[in-house]
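This report looks at charged pairs, one helix and one loop residue in a single protein chain. The sequence and the structure come next.

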Amino acid sequence: MSPAAEPPLPFFVYGTLRPGQRYYRRFLRGRTVSERPALLTGALLYDGPGYPYAIAGDGTITGSLIEVEPADHAELLAALDELEGYVGPGHPRNTYDRLVREVLADGRRVRCLTYLAAPRLARELRATGTPITGGDWLTRPAPPAPRTP
């Protein structure tokens, strides 16, 4: 007898896939089993053009741990890979890498999938990016209003 299959890993999301955000509504609404606050340690958050980037670092990122219906997991994983520009492990065209990490949720460590900026992009962010102080996309300072002449 073979051992029972492991359930699919939940997702740690920290930007536009968080509950209430635009890509949550498009990809996750109605497909989740649970949604809970979570913290990813060992990572830093950077501001992007309408969405954040996470990179490895000495900070903590606030986000949500999302469990999806097991029957939807493979299809959703493929859709999120496309959204995040993930081609495959170590692929040079990756915008983000899909990684297994541990987050803290409900006082315990949980293994999950998350997307961190691929190495080339992470180097650029460290050199010239805008860090999000506090590591929470939802509470970041608003961008300055455009000046009118």
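In this predicted model, R36 counts as buried because its relative accessible area is 13%, a value that falls under the 20% limit for that class. The side chain of R36 meets that of D106 in a salt bridge, with 2.9 Å from N to O. This pair links distant parts of the chain, since R36 belongs to strand 2 (residues 32–47) while D106 sits in the loop between strand 4 and strand 5 (108–117), 70 residues apart. In contrast to its buried partner, D106 is exposed, because its relative accessible area reaches 58%, and the limit for that class is over 50%. The backbone of D106 also deserves a remark, as D106 has a positive phi of about 55° although it is not a glycine.

The salt bridge between D106 and R36 belongs to a set of seven that a search of the whole structure finds. Side chains of opposite charge can pair when their charged atoms come close. The table lists three of these pairs with their N to O distances.

| Acidic residue | Basic residue | N to O distance |
|---|---|---|
| D106 | R36 | 2.9 Å |
| D81 | R98 | 2.8 Å |
| E124 | R120 | 3.1 Å |

The salt bridge between R98 and D81 also links distant parts of the chain, with R98 in strand 4 and D81 in helix 2, 17 residues apart. R98 is classed as partly exposed because its relative accessibility is 25%, whereas D81 is classed as buried because its value is 11%. E124 and R120, on the other hand, both lie in helix 3 (residues 119–128), where a separation of four residues corresponds to about one turn of the helix. Both partners are partly exposed, E124 with a relative accessible area of 41% and R120 with 45%. Beyond these pairs, R31, D72 and E75 are linked in a network of salt bridges.

How does the span of helix 2 compare with what its 14 residues should give at 1.5 Å a residue? The expected span is 20 Å and the end C-alpha atoms of helix 2 are 20 Å apart, so the two values agree. Helix 2 nevertheless has a kink of about 30°, which is centred on L76. L76 is itself one of the buried residues of helix 2, which are H73, L76, L77, L80 and D81. These buried residues pack against strand 1 (11–13), helix 1 (22–28), strand 3 (52–68), strand 4 and strand 5. Just after helix 2, G85 adopts a positive phi of about 70°.

Further along the chain, N94 is placed in the loop between helix 2 (70–83) and strand 4 (96–105). Is N94 buried or exposed? N94 counts as buried, because its relative accessibility is 2% and the limit is 20%. The side chain of N94 makes a polar contact with the side chain of D97, at 2.8 Å. When neighbours within four places in sequence are left aside, N94 is in contact with G85, Y86, V87, G88, A118 and R120. Two residues in that list have already appeared above: G85, with its positive phi just after helix 2, and R120, the salt-bridge partner of E124.

How values were computed: Residues numbered from 1 in each chain as written. Predicted model: local features only at pLDDT ≥ 70, side-chain atom pairs only at ≥ 80, totals over all residues. Heavy atoms only, no water. Buried < 20%, exposed > 50% of the residue type's maximum accessible area, 1.4 Å probe, protein only. Polar contact = N/O pair within 3.5 Å; in protein donor to acceptor, adjacent residues only side chain to side chain. Contact = heavy atoms within 4.5 Å. Salt bridge = Lys/Arg side-chain N within 4 Å of Asp/Glu carboxyl O. Expected span 1.5 Å × (residues − 1). Bend = angle between axes of the 7 residues up to and from the residue.
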